[in-house]
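Let's take a walk through a protein structure together. Keep the picture beside you and turn it as you read.

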Amino acid sequence: MRRARERSRIGGIAFACLLSVLTTGCSSGSGGDDSPSALMDAVGHISIAGATGAQVSYLDAARVRSLEKGDSQRFRAVGQAGSPLMTGYRFNAHAYGLDPAMIDTDVTNGYAGHWQGSFDADRVTAKLKTGGFARRTWHGETVWTKDGITLQVAKDEISFGYAGKDLSAVRPAKGKSVADDPDYRALGDCLGDVYRVDFGGKNPKDPVRLSATGQLAKSAKQTSGVICALTDGKRTAERAADRLKSVIHQRAPRFDGAKVTVLTGDSPGVKVTVPDRPGDKRAGRLLISDIDLQLALSKL
């Protein structure tokens with residue numbers, strides 16, 4: 001049982017598939033600007049109830065497309081919309097007039113998600129109709145359903161549920177979204193100007209109750225990863241920082257340039273930023289391959 005719980009924690013942290021690299025310190029409290037960040041605006045479409053025990057992923061696809069003009073191969077692994085609607089074999093997105101290039105932001109929660117972008121809503125809905133999707137009304141909204149897939153289509157946004165999930169997870173009631181949760185907001189402050197974030201499942205009973213792995217980019221070639229984790233107290237945060245520093249030292253030069261910071265304020269925790277190596281052909285190594293730091297946090 002203990003090993004099973006540890007594997008679960010490792011999975012949630014290692015594949016939590018959520019500031020500038022020069023930042024030397026940070027607080028988990030709110031910044032001075034009351035306007036929501038792009039990240040918080042996007043996760044405002046995810047229900048906190050639906051996020052319980054699940055991973056939430058965010059991608060600023062428009063920003064990635066801009067970065068890819070400098071190097072089209074570097075962001076291939078972490079810059080693609082990971083939506084099951086795009087990757088699932090049961091739904092041919094292109095056949096219904098949908099293309100990843102139409103998506104500006106993508107936020108998913110397991111088998112439900114929300115896109116913002118520019119869509120030809122009339123063309124898409126016409127193709128859904130001819131493709132056998134049935135038109136229904138869900139909470140006063142027109143949706144299209146077929147084989148366990150539900151879509152709501154507009155010219156600037158698309159919401160979907162997959163594998164039998166309806167739109168409840170991406171239609172939160174007022175005050176009930178992930179963006180309303182203090183822990184997610186604290187991680188958002190810690191992560192900073194990320195173009196991608198993968199949050200692990202939240203478990204208030206664990207020493208690390210919520211963590212996220214984010215991706216940062218000053219330019220196409222100046223990229224880094226950031227891990228932020230909220231702990232059950234200051235002592236755990238300090239212990240987490242010591243573990244991270246130990247791994248960085250033991251695995252030198254793999255994590256050279258990494259910076260570890262203990263988070264202060266109402267939400268104690270730890271943050272580590274790691275620059276991608278000059279010779280790396282792909283961005284996102286903290287999410288794809290070098291998961292030693294996440295594993296260290298899972299063993300607190």
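The paragraphs below go from the sheet to a helix, then to a disulfide, some rings and two serines.

First, some ground rules: this is a predicted model, in which local features need pLDDT of at least 70 and side-chain atom pairs count only at pLDDT 80 or more, while totals for chains, interfaces and linings use all residues. Residues are numbered from 1 along each chain as its sequence is written, and side-chain values use heavy atoms, with hydrogens and water left out. The helices (H or I, at least four residues) and strands (E, at least two) are DSSP runs, numbered from the N terminus.

Start with the sheet. Here 12 strands form an open sheet with antiparallel pairing, in the order β4-β5-β6-β7-β3-β2-β1-β8-β9-β10-β12-β11. Two strands are said to pair if DSSP finds at least two bridges between them. Which strands sit at the edges? They are β4 (134-138) and β11 (259-263), each of which pairs on one side only. From one strand to the next, the twist averages 15°; axes here are lines fitted to C-alpha atoms, for helices over the stretch in contact, and angles run from 0 to 180 degrees between N-to-C directions.

At the β4 edge, this strand pairs with β5 (residues 141-146) in the antiparallel sense over five bridges. If you look for A134, you will find T145 of β5 opposite.

Now move along to β8 (196-199). Strand β1 (residues 56-60) runs antiparallel to β8, and four bridges join the two. Four bridges also join β8 to β9, again antiparallel. V197 is a good residue to follow: Y58 stands opposite V197, and in β9 the bridge partner of V197 is G214. Is β8 covered or open on its faces? Both faces are covered, with R196 and D198 buried on one side and V197 and F199 buried on the other. Buried means under 20% relative accessible area, exposed means over 50%, and partly exposed lies in between (1.4 Å probe, protein chains only).

Next comes the helix α7, residues 182-191. Helix α7 packs on the sheet and touches β8, β9 (208-217), β10, β11 and β12 (269-275), where touching, or contact, means heavy atoms within 4.5 Å. The direction of α7 makes about 35° with that of β9. How many of the 10 residues of α7 are buried? Seven are, so the helix counts as mostly covered under the cut-off of 20%. They are D183, Y184, A186, L187, G188, C190 and L191. An α-helix has 3.6 residues a turn, so residues three or four places apart point the same way.

Look at both ends of this helix too. D181 caps the N-terminal end of α7, with a side-chain oxygen 2.8 Å from the backbone nitrogen of D183. That is a polar contact: a pair of N or O atoms within 3.5 Å, where, within protein, one must be able to donate a hydrogen and the other to accept it, and residues adjacent in sequence count only if both atoms are side-chain atoms. After α7 comes G192, with a positive phi near 80°.

One residue of α7 leads us to a disulfide. A disulfide is a covalent bond between the sulfur atoms of two cysteines. The rule used here asks for a pair of cysteine sulfur atoms within 2.5 Å, and by this rule the count comes to one. C190 and C228 form this disulfide, with their sulfur atoms 2.0 Å apart. The pair links distant parts of the chain, as C190 is in α7 and C228 is in strand β10 (residues 223-231), 38 residues apart. The link is left-handed, with -80° about the S-S bond. C190 is buried at a relative accessible area of 0%, and C228 is also buried at 0%.Now for the rings. Rings of Phe, Tyr and Trp (its six-membered ring) pair if their centres lie within 6.5 Å; planes under 30 degrees apart count as stacked, over 60 as edge-to-face and the rest as tilted. The structure holds eight aromatic pairs. One of them joins Y96 and F133, whose ring centres are 5.5 Å apart and whose planes lie at 80°, so the pair is edge-to-face. Both Y96 and F133 are buried, and ring pairs link F91, Y96 and F133 into a cluster.

Finish with two serines. S224, in strand β10, is buried with a relative accessible area of 1%. S298 lies in helix α10 (residues 292-298) and counts as buried at 1% relative accessibility. A polar atom of the S298 side chain lies 2.7 Å from the backbone oxygen of L295.
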